[in-house]
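Subject: Structure handover

Hello,

Here is the structure I promised to pass on. Please open it first, then read my notes below.

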Amino acid sequence: MSEPTAATLVIRPVAAGDQAGWAALYRGYRDFYKREHNPEVYETVWGWLEDPAHEVRGLVAELDGELVGLGHFRTFARPLDGVTALFLDDLFTSPAARGKGAATQILDELARIARREGAALVRWITAEDNATAKRLYDSLAARVPFDTYDMQPAALPGASA
């Protein structure tokens, strides 16, 4: 866990009492990516975060007692290298808290978790036009020369089979 700073910014795992604050942040994250607010998605993701057996884990940034950031991550295998790594699926900081170090400290905490768990790296993606986040990411990590693809199984020929 990261230690509190002078501004009392603490990065910690998501806890049961965080649901309302987490949901407000998650709504902001979904707004940023122009996703509809679907209560089933919120319930599903929160259920994953509460289930210690589920692969998705969560961190929150708490500033002076208020949740101001979130990070959802999971372990994944890298067969090409024969190692495991952490994948950061979601990272969001509330607009009012931007520039106060929450995203940087969440990434720092993920690096500590990766070292503790023997993961070889922490990986994430972001939107091409997310210039603000990319400035931070470029200062902490290396871009890799791979493109990301999404295949929708239901849209493929023979999907009804």
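Start with valine 144. It sits in the segment after helix H4, which covers 131-140. Keep in mind that this is a predicted model. Valine 144 has a relative accessible area of 46%. That makes it partly exposed, because the buried class ends under 20% and the exposed class starts over 50%. Now look across to valine 45. The two valines, 144 and 45, are 99 residues apart along the chain. Their C-alpha atoms are separated by 28 Å.

Next, helix H4 itself. Which residues of H4 are buried? They are Ala133, Lys134 and Tyr137. Seen down the axis of H4, the buried residues fall within an arc of 100°, so they line one face of the helix. The face turned away from that buried side carries exposed residues: Thr132, Arg135 and Ser139. What do the buried residues of H4 pack against? Their partners are strand S4 (83-93), helix H3 (102-117) and strand S5 (122-124).

The pairing of H3 with H4 deserves its own look. The two axes come within 11 Å and cross at roughly 40°. H3 and H4 are therefore oblique to each other. H3 passes H4 in a right-handed crossing. On the H3 side, Ala103, Thr104 and Leu107 take part. They meet Leu136, Tyr137 and Leu140 of H4. By class, this contact has five nonpolar residues, one polar and no charged ones. Note that Tyr137 turns up twice: it is one of the buried residues of H4, and it is also part of the meeting with H3.

Just ahead of H4 is asparagine 130, in the loop between S5 and H4. Is it buried or exposed? Its relative accessibility is 11%, so asparagine 130 counts as buried. Set aside the neighbours within four places in sequence, and asparagine 130 is in contact with Phe32 and Tyr33.

Now the other helix pair. Helix H1 spans residues 19-32 and helix H2 spans residues 39-50. They pack at an angle of about 125°, with axes 11 Å apart. H1 and H2 are therefore oblique to each other. H1 passes H2 in a right-handed crossing. H1 brings Gln19, Trp22, Ala23, Tyr26, Arg27 and Arg30 to the contact. H2 answers with Val41, Tyr42, Val45, Trp46 and Leu49. By class, that gives eight nonpolar residues, one polar and two charged. Val45 in this list is the valine 45 compared with valine 144 above.

Last, two backbone oddities. Most residues other than glycine have a negative phi. Lysine 34 has a positive one, about 55°, although it is not a glycine. Where is it? Lysine 34 is in the loop between H1 and H2. It is exposed, with a relative accessible area of 74%.

Aspartate 64 is the other case. Its phi is near 50°, again positive in a residue other than glycine. Aspartate 64 lies in the loop between strand S2 (57-63) and strand S3 (66-78). At 58% relative accessibility, aspartate 64 counts as exposed.

Best wishes

Key: Residues numbered from 1 in each chain as written. Predicted model: local features only at pLDDT ≥ 70, side-chain atom pairs only at ≥ 80, totals over all residues. Heavy atoms only, no water. Helix = DSSP H or I, 4+ residues; strand = E, 2+ residues; numbered from the N terminus. Buried < 20%, exposed > 50% of the residue type's maximum accessible area, 1.4 Å probe, protein only. Arc of directions from axis to C-beta. Contact = heavy atoms within 4.5 Å. Axes fitted to C-alpha atoms, helices over the stretch in contact; angles between N-to-C directions. Parallel < 35°, antiparallel > 145°, perpendicular 65-115°, else oblique. Left-handed = near helix turned anticlockwise from the far one by under 90°. Nonpolar A, V, L, I, M, F, W, Y, C, P; charged D, E, K, R; others polar.
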